[in-house]
Amino acid sequence: MAHFQVNPRDLFFILKEQLNYGRLCALPRYRDLKEATFDLLVKEAVEFARGVLDPLNAVSETVPLKFENGRVACPPEFRSAFRQYGQDGWTAAVRDPEYGGQGFPHMLRIVINDLMYGACQSFNMAPSLTHGAAHLIESFGSEALKKTYVAKMFDGTWSGTMCLTEPNAGSNLAALETTACRAGDHFKIKGSKIFISWGEHDLTENIIHLVLARIEGAPGGIRGISLFVVPKIRVRADGSLAGPNDVACTGIEEKLGLHGSPTAALSFGSHDDCHGYLCGQENQGLAHMFQMMNQARINTGVSGMTLASTAYQNALAYCKQRVQGKDLARRQAADVPIIRHPDVRRMLLWMKAMVDGMRSMIYTGALWSDLALELPDGAEKSHCQNLVDFMTPIIKAYCSEMGFRVCETAVQCLGGYGYCRDYPLEQYLRDAKIMSLYEGTNGIQALDLLGRKVTQRSGACLKAFREEIESFCQRHREHAMLGDRVRALEGVARRLWEAVAELTVRQQTDPLQWASYCYPALTAFGEATICWRLIDMAVIAADALQKKKSDYYAGKIYQAAYLVDTTLPHTLATIETCLRPGREIIDIPEGAF
């Protein structure tokens, strides 16, 4: 039985009715495309996810990875799917045709990943990482590097990774020890990397690693880090494969979830013969890599959201068919499906609202990203870039955290069966946990948001976000059906701005106390954002209901009313806790823990 469940109407409501994504066709890059073409791509992505990737999720749990003699053997179904994924154009759907792309809007990459990650998270990490690595070369590499690698990565012939983490340099990349020594037209790379997703496998004949290393003599800290293209197998000038490049896999991790995705420890240059090729400028490696890292952070939020989405849909289907217990109001004598029980309905409505709100949050950010990339220089382009920068840590942290909570709630809906492998929910829960750890833990995202993004460009990022919330509230605060919820959001937002101002002062006067409250503050931003997006959808649905009665549109209003009314009071309390002067977190002696 297929596990992947998605309601395409939910996607299209956000894309078409809320965001009007067809307006992107007015941009020069997309002038030859039509909204109907976007719609077709999304529909085809749904079918590919259901038909090709969905079966892989069970395979990832039942056919174990095999690590022998430095090689990882994956299920054969993964190999054929990876090549088909590339050849059918999904890896490069939004990239330029010069290297085999189809030139679709950048935001559709997020929609594609929504569907593909939902169908099989462990598999889709491989083409997603390949896309990010190839795009790094496309963006910063020399013409020779682009010609050699990009097209073959986009079409699924080769795969790609990003190699940052080291045994002694996790989130603190300034401590990076991997070195690069000049050797004519290349560099000799030497060092070890750990936690490299899809760092070793047999899906492709070559794996192209994007490696951070320090050139000998470069400054210490992050200022001296450069980016290198390091193939597992060397490539000749004519594009054919030569021999091994002194890249060895020393082991793969035994993990809680994502069992189909090999997480490798890699050794570069153990025989002093690992060739790397500079990608971009010397000592600018971390800045270059942030292009891929920021995309990965957004996609981590996408993963949390889409696992929550399919978990909710599976729980909903179960609750409709599982008959157990009497109706509490005695509306009928026979036993009823458990969806009739109020506490089950509470969980379902919360999950529905969270999934829809997170998806809207992410798709809205994706639209801003497209506009930031493709609009002509000017105030609107800068405004959209500021929004993207501000929202990135919120999307990553909030959606990964709440995605896990939704999966947990879905398990609860099934009772004891949710804990069993008869249903896929326990796998979703295990797979989703890593998202709050990937690409900088959520605590690090909170420090980024409150420590950098709120003050970046003289506060322009926060100002852009504030303008979006305030203009929305101003337009709809007297809405006949939703005005009270809009005004509630307005009040919470006003207190949030005041809190940010106070926290910014504390960052200078008491940085430890400030840091101890950054994560709750990020949560408050996430809750304000999701309520905003849900109310926006409800306003659209209310207008539609004036023309035609529809349970679907009514659902948008019910979910917004419930989540806003039950969340914003907690948000306000969270904001107040961030402002308390207490230093217990800092002052408690370590021996007292």
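Contact here means heavy atoms within 4.5 Å, and it is in this sense that packing between helices is described below. The model is a predicted one, and a good place to enter it is helix α11, which spans residues 442-453. Its buried residues are Asn 442, Gln 445, Ala 446, Asp 448, Leu 449, Leu 450, Gly 451 and Lys 453. Together, these buried residues of α11 pack against α7 (285-321), α9 (379-413), α12, α13 (483-509), α14 (511-515) and α15.

Two of these partner helices can be followed further through single residues. Helix α12 covers residues 456-476 and includes His 476. This histidine counts as buried because its relative accessibility is 17%, where the limit for burial is under 20%. Leaving aside residues up to four places away in sequence, His 476 touches Gly 483, Val 486 and Val 539. Between His 476 and Asp 356, which are 120 residues apart in sequence, the C-alpha to C-alpha distance is 20 Å.

Helix α15, running over residues 518-545, holds Ala 528. With a relative accessible area of 3%, Ala 528 is buried. With residues up to four places away in sequence again set aside, Ala 528 touches Leu 489 and Leu 496. A long stretch of chain separates Ala 528 from Asp 32: the two are 496 residues apart along the chain, and their C-alpha atoms are separated by 37 Å.

Seen as a whole, the chain contains 17 helices and 12 strands. Its radius of gyration is 24 Å, in agreement with the value near 25 Å that a compact globule of 593 residues would have. Along the principal axes, the C-alpha atoms fill a box of roughly 80 × 60 × 60 Å. Buried residues account for 59% of the 593 residues. Of the contacts between residues at least 6 apart in sequence, 74% join residues at least 24 apart. The chain exposes about 24400 Å², and carbon and sulfur atoms supply 53% of that area. As for charge, there are 63 positive and 66 negative side chains, with the centres of the two sets lying 3 Å apart.

What, then, is the count of disulfides? The count comes to 0 disulfides, and two cysteines help to show the reasoning. A pair of cysteine sulfur atoms must lie within 2.5 Å to be assigned as a disulfide. For Cys 319, the closest cysteine sulfur belongs to Cys 413 and is 4.5 Å away, which is too far for a bond. For Cys 461, the closest cysteine sulfur is that of Cys 384, at 12 Å, so this pair is also too far for a bond. Both cysteines are buried, Cys 319 with a relative accessible area of 0% and Cys 461 at 0% relative accessibility.

Backbone geometry brings two further residues to attention. Most residues other than glycine have a negative phi. Phe 195, although not a glycine, has a positive phi of about 55°, and this residue lies in strand β5, residues 186-197. Asp 246, also a residue other than glycine, has a positive phi near 60°. Where does Asp 246 lie? Asp 246 sits in the loop between β9 (241-244) and β10 (247-252), and with a relative accessible area of 12% it is buried.

Technical notes: Residues numbered from 1 in each chain as written. Predicted model: local features only at pLDDT ≥ 70, side-chain atom pairs only at ≥ 80, totals over all residues. Heavy atoms only, no water. Buried < 20%, exposed > 50% of the residue type's maximum accessible area, 1.4 Å probe, protein only. Helix = DSSP H or I, 4+ residues; strand = E, 2+ residues; numbered from the N terminus. Rg over C-alpha atoms; globule rule 2.2 N^0.38 Å. Areas by Shrake-Rupley, 256 points an atom, 1.4 Å probe, with all protein chains shown as cover. Lys, Arg positive; Asp, Glu negative; His and termini not counted. Charge placed at Lys NZ, Arg CZ, Asp CG, Glu CD.
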